[in-house]
Amino acid sequence: MKGYFISFEGGEGCGKSTQIKRLKEYVSSLKNADNFVFAREPGGTPLTDELRRLILDYEVDSPLPMTELLLLCASRVENVQKRILPALSQGKVVIADRFYDSTIAYQCSARNIMPVEDLLALTKKIIGDVKPDLTFYFKLSPEEAFARKNKMEEKLDRIESEGLEFHKKVQAGYDYISKIESDRFYCIDATKSIDEIFNEIIKVLNEKIPQFLN
């Protein structure tokens, strides 16, 4: 059985992490729960967790924009080669909290490090043709995202702390890649309730991968 690769994407405060947590709980109740592998970017292995710390929480010396992008690419190579491709080759479903669309949105669009086309070429160079079969894009205005974040008492990481204009550019980047690779994108209105969104996700998964859910 061929594996299936799903990514969850969206700006800060969009609720994707909440939905991934619920999906983990849902999957754990299935008879074939072992056929699901959850990943995240950056992070997921001891090495990539350290890269995550350097990118998001390293307070001694913040990375330059290009360094940030290359650290993310390094984490992606590790995840693809050590976790994602092995799982897909075994016919499993991989569910990733972010993949290269995040780099397009944050580093290409918001930080303007390089054109999207150059990043896509670099991505192909380092991980080949690996891309999600399905991407859930949680769309939420940056203004609403900031309002949600302000209600939380969690410490913001380095990228979450960027200003409103930065996060508007992030959304523009997501909108762009969701149009040029529209065949794999499913847009979710992230203003809906948690239950409404989760039911929508399960409905889509039952349409796309029923063989894994029954």
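**Salt bridges, ring pairs and helix geometry in the predicted model**

Lys 2 and Asp 133 are joined by a salt bridge, with 3.9 Å between the closest N and O atoms. This contact brings together distant parts of the chain, since Lys 2 belongs to the segment before strand 1 (4-10) and Asp 133 to the loop between helix 5 (116-127) and strand 4 (134-139), 131 residues apart. The structure discussed here is a predicted model, and the values that follow should be read in that light. The two partners differ in their surroundings: Lys 2 has a relative accessibility of 62% and is therefore classed as exposed, whereas Asp 133, with a relative accessible area of 31%, is partly exposed.

A second salt bridge is found between the side chains of Arg 98 and Glu 9, again with an N to O distance of 3.9 Å. Arg 98 sits in the loop between strand 3 (93-97) and helix 4 (100-110), while Glu 9 is part of strand 1, so this pair ties together parts of the chain that are 89 residues apart in sequence. Here both partners fall below the 20% limit for buried residues: the relative accessible area of Arg 98 is 13%, so this residue is buried, and Glu 9 is buried as well because its relative accessibility is 0%.

A contact within one helix completes this set of examples. Arg 53 forms a salt bridge with Glu 50, and the closest N and O atoms of the pair are 2.7 Å apart. Both residues lie in helix 2 (residues 46-57), and because they are three residues apart, about one helical turn separates them. Arg 53 is partly exposed at a relative accessible area of 34%, and Glu 50 is likewise partly exposed at 36%. Elsewhere, salt bridges with shared partners connect Asp 101, Lys 131, Glu 181 and Arg 184 into one network. Over the whole structure, the search returns 21 salt bridges.

Attention now turns to the strands. Strand 2 (residues 36-40) is largely enclosed by the rest of the structure, because four of its five residues are buried. Strand 2 pairs with strand 3 in the parallel sense, and five bridges support the pairing. Within this arrangement, Ala 39 has Ala 96 of strand 3 as its bridge partner.

The aromatic residues offer a further view of how separate elements meet. In total, 10 aromatic pairs are counted. In one of them, the ring centres of Tyr 106 and Phe 166 lie 6.3 Å apart and the planes make an angle of 50°, so the pair is classed as tilted. Distant parts of the chain are linked by this pair, with Tyr 106 in helix 4 and Phe 166 in helix 7 (residues 164-180), 60 residues apart. Both rings belong to buried residues, Tyr 106 having a relative accessible area of 4% and Phe 166 one of 10%.

Another pair is formed by Phe 136 and Tyr 186, whose ring centres are 5.9 Å apart; their planes stand at 75°, so the geometry is edge-to-face. This contact also links distant parts of the chain, from Phe 136 in strand 4 to Tyr 186 in strand 5 (residues 185-189), 50 residues apart. Phe 136 is buried at 0% relative accessibility, whereas Tyr 186 is partly exposed at a relative accessible area of 28%. Ring pairs also join Tyr 106, Tyr 137, Phe 166, Tyr 174 and Phe 185 into a cluster. Charged side chains take part in contacts with rings too: Arg 22 is placed over the face of Phe 198, 4.5 Å from the ring centre, and Arg 76 over the face of Phe 99, 5.6 Å from the ring centre.

Helix 3 (residues 65-89) deserves a closer look. For its 25 residues, at 1.5 Å a residue, a span of 36 Å is expected, and the 34 Å between its end C-alpha atoms agrees with this. The helix nevertheless bends, by about 45° at Val 80. Just after helix 3, Gly 91 adopts a positive phi of about 80°.

How values were computed: Residues are numbered from 1 along each chain as its sequence is written. This is a predicted model: local features need pLDDT of at least 70, side-chain atom pairs count only at pLDDT 80 or more; totals for chains, interfaces and linings use all residues. Side-chain values use heavy atoms; hydrogens and water are left out. A salt bridge is a side-chain nitrogen of Lys or Arg within 4 Å of a carboxyl oxygen of Asp or Glu. Helices (H or I, at least four residues) and strands (E, at least two) are DSSP runs, numbered from the N terminus. Buried means under 20% relative accessible area, exposed over 50%, partly exposed in between (1.4 Å probe, protein chains only). Two strands pair if DSSP finds at least two bridges between them. Rings of Phe, Tyr and Trp (its six-membered ring) pair if their centres lie within 6.5 Å; planes under 30 degrees apart count as stacked, over 60 as edge-to-face and the rest as tilted. A charge sits over a ring if NZ of Lys or CZ of Arg is within 6 Å of the ring centre and within 35 degrees of the ring normal. The expected span of a helix is 1.5 Å times one less than its number of residues. The bend at a residue is the angle between axes fitted to the seven residues ending there and the seven starting there.
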